[in-house]
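Trainee: I'm new to this one. Please pick a single part and take me through it slowly, with the terms explained as you go.

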Amino acid sequence: MQLLLGAGTALAVSVTAALVAQAARRGTPAAAKQPPAASQQSAGYVGEQTCLTCHGEMTRGYHGSAHGQAANPRTPRANNGCESCHGPGAAHVEDPAKPESIKRFPTMKPRDVSETCLTCHTRGAHTQWKGSMHDARNLSCITCHSVHDHKSEKALLKTATVIDTCATCHRAETAKLQRSGHMPLREGKMDCASCHNPHGTTNARMLRAGNWINETCVSCHAEKRGPFLWDHAPVREACNTCHDPHGSNNDRMLVAKLPMLCQRCHIGTRHPSTIYDGNQLNARSNRLVGRGCVNCHSQIHGSNSPAGSTFLR
Ligand code: HEC
Ligand code: HEC
Ligand code: HEC
Ligand code: HEC
Ligand code: HEC
Ligand code: HEC
Ligand code: HEC
Ligand code: HEC
Ligand code: HEC
Ligand code: HEC
C-alpha cells in the first residue's frame, strides 16, 4: 500500500475500510448508506471513490462507455460501481496483496466470469447463453469483450470489428468472404452477427432468427419465404443445400456450378439433363444455353403460377 500511496491517503483508505468493515459487522446505517441494488446489498462494499484512490486510471474504458452512464439505473455506475463487477472490496482494501480478496477476471474460470456479467445481462439477446456452443466450449464474455480495453466503436469488443472477433477462431468461414460470390460482409453492410447471435439462440448453428436455417435467410430475403403454389422440395428444406452462406466462387454463392448443381439430384429427366446425353443439339440442351437449367427454370425457388409446376414461370 505504501508503494502506491502517500501516507495520508493510505491512512484515509484504511480508516474508510475499517469503518465499512465495522459497520458491516454491526449492520449499522453506515453499511445501509451504500448504493442501492437491493439484491447485492450486503457487507463489504466500499464504493467506487475508494477504489479510485488507488486505481485512478481504471475509469479507463468504463466511465465513457454504456457501463458508465450514471443516468441509466441498470448500469454498474448507478449501482455498486466497480464492485458491481469486481465484488465487494472491503477485504481487498485492507489487504490488496491477497489474491482472492477481489475478482481478477482473467484468472477466473470462464463460467464464473460469465456468471458475473449475467447478473445484469439476462435479457434480450442473452437469454440463451447458458448451454450455447460457445458456453459449452468454455468461452466467456471476456473472450470477446473487454470492459477496460475495448477496440470497437460499439459492443466493447477486443477487436475493431465483429468479423475480426470471429476470425480469431473461425478462419474457414471468414476466409470464404474473399470468394467472388458473397453477401456484402466485406463491403461492411453486414457482419457475422447479422445471421448468428454469438450469445446462443434456439436455432441451429446459433442462427439469429427463427428455428430453422431458412427462417434466418428469409428474414431478409422475404420473397423466398413461400409456401408457393409449386414448391421446389430442396428450397423448402434448406437454403444451404444450394448456397454457401459464407461465400463461394460460383455465381450466386452456389455450392456447385450450374448445371452440375441440378444434376446432383436430377439425373433422369425427360429432356437431356446431363451434358453427356446424346441429344446435344436439342433446343433444350443446357450446352446451348448460357446459364444452364435456370435459363428456362427461372422460378427455381418456387412458383405461384398455375402453370408453374416445373418452375418455368
Ligand atoms: C489501498 C489501495 C487500494 C484500494 C483502495 C483498492 N485496491 Fe485494488 N489493488 C491494490 C493493489 C496494491 C493491487 C495489486 C495487488 C497484487 O497484485 O497483488 C490491487 C489489485 C487489484 C486488482 C487485480 C489487478 C490485477 O492486475 O490482477 C483488481 C481487479 C482490483 N485491485 C480492484 C479493486 C477494486 C474494484 C477496488 C475497490 C473496491 C480496489 N481495487 C481498491 C490496491 C488497492
Ligand atoms: C462491467 C464490469 C466492470 C466494471 C464496472 C469495472 N471492471 Fe475492472 N475489470 C473488469 C473486467 C472484465 C476486467 C478484465 C480485463 C478487461 O476486460 O478489460 C477488469 C480488470 C480490472 C483490473 C485489472 C486489469 C488492469 O488493466 O489493470 C483492475 C485493476 C480493475 N479492473 C479495476 C477496476 C476499478 C477500480 C473499477 C471501477 C473504477 C472497475 N475495475 C470497474 C470488469 C469491470
Ligand atoms: C450492474 C449491471 C451490469 C454488469 C454487472 C455488467 N453490465 Fe454490461 N451493461 C449494463 C448496462 C445497463 C448496459 C447498457 C445497455 C443496456 O441498457 O442494456 C451494458 C452494456 C454492455 C455492453 C454493450 C456496450 C455498448 O456500447 O453497446 C457490453 C458489450 C457489455 N455490457 C458487456 C458486459 C460484460 C462483458 C460484463 C461482465 C464483465 C458486463 N457487461 C457486466 C449493465 C451491466
Ligand atoms: C464469441 C464472441 C462473444 C462472446 C463469447 C460474447 N459476446 Fe457479447 N457480443 C459479441 C458481438 C460480436 C457483439 C456485437 C454484435 C451483436 O450485436 O450481437 C456482442 C454484443 C454484446 C452486447 C451488446 C449488444 C446486445 O446484444 O445487447 C452485450 C450487452 C453483450 N454482447 C454481452 C455479452 C455477455 C454478457 C457475454 C457473456 C455471457 C457475451 N457478450 C459473450 C460477441 C461475443
Ligand atoms: C475464442 C474462439 C472463438 C471465437 C472468438 C468465436 N468462436 Fe464461434 N465457436 C468456437 C468454438 C470452439 C466452437 C465449437 C465448434 C467448433 O469447434 O468449431 C464455435 C462454434 C460456433 C458456431 C457453430 C455453433 C453450433 O451450434 O454448431 C457458430 C455459428 C459460431 N461459433 C459463430 C461465431 C461467431 C459469429 C463469432 C464472432 C462473433 C464467433 N463464433 C467467435 C470458438 C470461437
Ligand atoms: C447469411 C447468413 C450468414 C452469415 C453472414 C454468416 N453465417 Fe455462418 N452460418 C450460416 C448458416 C446458414 C450456417 C449453417 C449451415 C452451414 O454450415 O453452412 C452457418 C454455419 C456457421 C458455422 C458452423 C459451421 C460448421 O460446419 O459447424 C460457423 C463456425 C459460422 N457459421 C461462422 C460464421 C462467421 C465467422 C461468419 C462471419 C465471417 C459467418 N458465419 C457469417 C449463415 C451465415
Ligand atoms: C441480414 C440480412 C440477410 C440475411 C439474414 C441473409 N441475406 Fe442473403 N443477401 C443479403 C444482402 C444485403 C445481399 C446483397 C443483395 C444485393 O446485392 O442486391 C444478399 C445476397 C444474397 C445472394 C445473392 C448473392 C450474389 O452473388 O448475388 C444469395 C444467394 C443469398 N443472399 C442467399 C442467402 C441465404 C442462403 C441466406 C441464409 C443462410 C441469406 N442470404 C441470409 C442480406 C441477407
Ligand atoms: C435447389 C437449389 C437452390 C436452393 C435450395 C435455394 N436456391 Fe437460391 N438460387 C438457386 C439458383 C440456381 C440461383 C441462381 C438463379 C439465377 O441466376 O437465375 C439462386 C439465386 C438466389 C438468390 C439471388 C437471385 C435472386 O433470385 O434473388 C437469392 C437471394 C437466393 N437464391 C436465396 C435463396 C434462399 C433464401 C433460399 C432458401 C429459402 C434459397 N435461395 C434456396 C438455387 C437454389
Ligand atoms: C438436393 C436435390 C435437388 C437439387 C440440387 C435440385 N432439385 Fe429440383 N427437385 C428436387 C426434388 C426432390 C423435386 C421434387 C420431385 C418430385 O416431386 O417428383 C424437384 C423438382 C424439380 C422440378 C419439377 C419436377 C416435376 O416433375 O414437376 C424441376 C423442374 C426441378 N426440380 C429443377 C431443378 C433445377 C433446374 C435445379 C438446379 C438449379 C434443381 N432442380 C436442383 C431435388 C433437387
Ligand atoms: C431450354 C429450356 C430448358 C432447359 C435449358 C432445361 N429445361 Fe428442364 N424443362 C424444360 C421444359 C419446357 C420442361 C417441361 C417439359 C414438360 O412438361 O414436358 C422441363 C422439365 C424439366 C423437369 C421435370 C420433368 C422431367 O423431365 O422430369 C426437370 C426435373 C427438369 N426440367 C430439369 C432440368 C435440369 C436439371 C436442367 C439443366 C441440366 C434443365 N431442366 C434444363 C425446359 C428446359
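**A close look at ligand 9**

Mentor: Let's start with His-266, which has a polar side-chain atom 2.7 Å from a nitrogen atom of ligand 9. That's a polar contact, meaning a pair of N or O atoms within 3.5 Å (inside the protein, one atom must be able to donate a hydrogen and the other to accept it, and sequence neighbours count only if both atoms are side-chain atoms). Before we go on, keep in mind that this is a predicted model: local features need pLDDT of at least 70 and side-chain atom pairs pLDDT 80 or more, while totals for chains, interfaces and linings use all residues. Residues are numbered from 1 along each chain as written, chains are lettered from A and ligands numbered from 1 in written order, and side-chain values use heavy atoms, leaving out hydrogens and water.

Now for another histidine: an N or O atom in the His-232 side chain sits 2.8 Å from a nitrogen atom of ligand 9. With Ser-309, the backbone takes part instead, as one of its polar atoms is 3.4 Å from an oxygen atom of the ligand.

Stepping back, 16 residues surround ligand 9, and those coming nearest are His-232, Cys-262, Cys-265, His-266 and Thr-310. Here, "near" means having a heavy atom within 4 Å. Three helices, α13 (233–237), α14 (260–263) and α15 (293–296), each give this shell at least two residues. Helices are DSSP runs (H or I, at least four residues), numbered from the N terminus.

As for character, the shell has ten nonpolar residues, six polar and no charged ones. In that scheme, Ala, Val, Leu, Ile, Met, Phe, Trp, Tyr, Cys and Pro are nonpolar, Asp, Glu, Lys and Arg are charged, and the others, Gly among them, are polar.
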